[in-house]
Structures are given as C-alpha cells and as structure tokens.
Amino acid sequence: MRTEKWEEETLNYLTDLYKNFWKELSTECMKCFRIDSHELFSNNVKELKKWQEQKIYNYWKKYVDDFDIAYHKYYIDRTSTFDVRFIPDDIFVGYIDGYLNNREIEPGVADKNYFDIYLKGFKLPKTYVHLINGVFEDDKYTIISKNKAIDILSKQKNITIKPSMASYGGKNIAFLTNPTKKDIKNFLDNNECNNLIFQETIVQSNETAKLHPNSLNTIRIMTLLINNEIKILPAAFRIGVGESKVDNASFGGIYCKINSNGTLSNFAYNALGKRYDLHPDGGKFNEVKIPHMAKIKKVVSLAAQRFPHFRLIGWDIALNSMNEPVIIEANLTMSGLDVIETICGPLFGEYTDKILDEIFLTKHTKPISIDISQYV
C-alpha cells in the first residue's frame, strides 16, 4: 500500500510519543520509589557492614549503572537475612515489572468484570451484576435495565461492590447487607463510577478468620512464568486490623509469611515495616495454619496459564467456609514486591540470576501493543 510522506512522518511521530510515554512512566516512578526508600523505609534500619555493601554492589553492577542500596538495607534488616538478591523496589518498577508484564494492555485485561470469562472453570465469587461503561449486565453478560439490576441485587443478602478498573489497594470497595431496592437505588444514584462489579461476599474459612473475622483475609501468592513453566514464588497471609473489612496494607492491614507447611511465622509487618509480634486485636500468628496450600498452589499455577502477557502475577486467594480456594484478585502488574520481600526474602529466590540476566544482559526488543498506523 502506498504511503504518503506526511503519513509516514505522522506515524513515526506518534510511535515515538507512545514509546516515550511508557519509558517516562518507568523513569518517573523509579524516582518516586527511590525517594520513598530514603524517606519512608530508612528509619530504624541497621547499617550494613562494609563487606556486605561491597558484595551487594558487586552483584548489581553488572545489571544497572545507577544502583541505590537503601532497599537492600531495609529488607535485610526486616528479614534478618543477608542476601544480595533482594530486588529493590525502584529497580522493580523501573525495569522488571514493565519487562515481565505488558503494562500497555493491562487496564483492559485486568477489568474484573471479565474475569468470569478469563477464569471460567475456576472458583470465583459469584457475580450478580456487571456495570461496564455505564451499561448494566447480568451474570451472563446480557444487557439489563437499571431497574432490573436493582431487582436482582435487592434479592441478595450480602453484596461486595468493587470498581472493576483503575483501582488499587482495596480503594472504594463497598459492602451492602440485606439491601432494599431503595438502598440499591440510593447507592447507584450516588455512584460516579461507570465500571463496577457486584458480587457475593465470601464467608471465609474458620482458620483464616481466627485473627480478624471482620475482614476477608487472603493469601497473596506469586506466580512466575519462566522457560514456559509456571513457578510458584513465596506466599504471604494478609490480615485486616480494627474495623476494616479489607486486608489491604493501604488500609492498615498487616501481613506475615506462610511457611512451607502452611503455618504462619510468629510476626507480621505493616506497609511501613512496623513489626507486630501479636495481631493488634490480639492473637498469635503462629497459631494459625493455612489449610490446603498444595491446592492453592495448583489453582494459581493453572490460572496463571490464562495470562501469558503477564509473567509475574500476584494472586489474592481466599478460603471459603468449605476451605475451597477462591480467586479474589489477579494483580497483573505491580504485584506487591514489598509484601513478599519484607517477610519472605528475595522475590525470585533461585530464579533471580536467570530473570535478571534475561532482562538486563540479553538483547531484546519489545514490540508495542498497538497498531498506530490504523489511526493515520
């Protein structure tokens, strides 16, 4: 097909703009995380010995020119484990997450309203109503009226309402108990979000409810796609605190390590690295044992195969009252590195060298995910 000169120039210009946006996003985010490492995560952190610092610098100098050791100090202090393979958050957001996961298509793929399709066959919270781009649909994706949506929702006992797009850390989640039609109408009339999912509120396992029954406490478990295989990375147990109905660290939640046999470690941390030897509301962490960890690992290993564009996924898994794993969330980008490394050690563990060599030492080009020429 013949291309005019002005079309070619426009295409090149728009392509550069598009590529530069993602590069600039990584660069600016990296700066923010580096500031955080010094302003938020440097208090009450022990200094490393000179030989330890040198060993860390020697390991990372083959990968990046501009390396900051602050996150290593923090993670080594919190875990009481010296390891050069900790992944600094600024390096993660600046290079690693964007390489392993396709940030360009993430907003659409991560729309919770479509997980019933993407994850068909897996146990998810039952969906009552979808609100997609301002359009109401039932659980079978058939368009319905607002009045029909109100009628469906008013027949449910407990409803969890989540933004299905552009949400992070449990923001703007709402809960309704035995709502009337008037309650539902008032909620919808005062809601400004055009993308919501209305689901059942999961009744959780007695074991996961022990420390904090008010919130749905979940297992954050990471999967990594490498060499055409799904590998299971460390897992953490996330627990709500106080009156919170969610377990997210951004809402005051805390998290602790899940050992290989399903027991919890004897301490937990909050988002800023404050240690708890007991749950703030009482209870010992190591008196809880997460059942069926092998089954949970199998579920996420199979589910991760549905998303090859996202090689590193942070799964939030609940156990229902029957101790069955329920997929609550699939975090396709920025999947909680700090949660894992604060309590479990280096995120990639034995796969660290292989991942870093692939990202930093192997020549590769990453094609953009949009055909800009269709707009020119």
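This is a short walk through one sheet, the two helices packed on it, and a salt bridge elsewhere in the chain.

Okay, before we start: this is a predicted model, where local features need pLDDT of at least 70, side-chain atom pairs count only at pLDDT 80 or more, and totals for chains, interfaces and linings use all residues. Residues are numbered from 1 along each chain as its sequence is written, and side-chain values use heavy atoms, leaving out hydrogens and water.

Let's take the sheet. It's an open one with five strands, in the order β2-β1-β5-β3-β4, and the pairing is antiparallel. Strands here are DSSP runs of E with at least two residues, helices are runs of H or I with at least four, and both are numbered from the N terminus. Two strands pair if DSSP finds at least two bridges between them. At the edges sit β2 (135-138) and β4 (174-177), each pairing on one side only. From one strand to the next, the twist averages 20 degrees.

Now zoom in on β1, residues 127-132, which is joined to β2 by four bridges. H130 has E137 as its bridge partner in β2, and I132 stands opposite V135. The β1-β2 hairpin has two residues between the strands, and there N133 takes a positive phi near 55 degrees.

So what lies across the sheet? Helix α7 lies across β1, β2, β3 (158-163) and β5 (196-200), at about 150 degrees to β1. Helix α8 packs on the sheet too, touching β2, β3, β4 and β5, and its direction makes about 150 degrees with that of β5. Contact means heavy atoms within 4.5 Å. For the angles, axes are lines fitted to C-alpha atoms, for helices over the stretch in contact, and the range is 0 to 180 degrees between N-to-C directions.

Those two helices also meet each other. α7 (146-153) and α8 (181-189) pack at about 130 degrees, with axes 9 Å apart. The contact involves K146, I150, D151 and L153 of α7, plus K181, I184, K185, L188 and D189 of α8.

Last stop: salt bridges, meaning a side-chain nitrogen of Lys or Arg within 4 Å of a carboxyl oxygen of Asp or Glu. The count comes to 21. In one of them, R34 meets D90 at 2.7 Å, N to O. R34 is in helix α1 (5-39) and D90 in helix α4 (89-100), so this pair ties together parts 56 residues apart in sequence.
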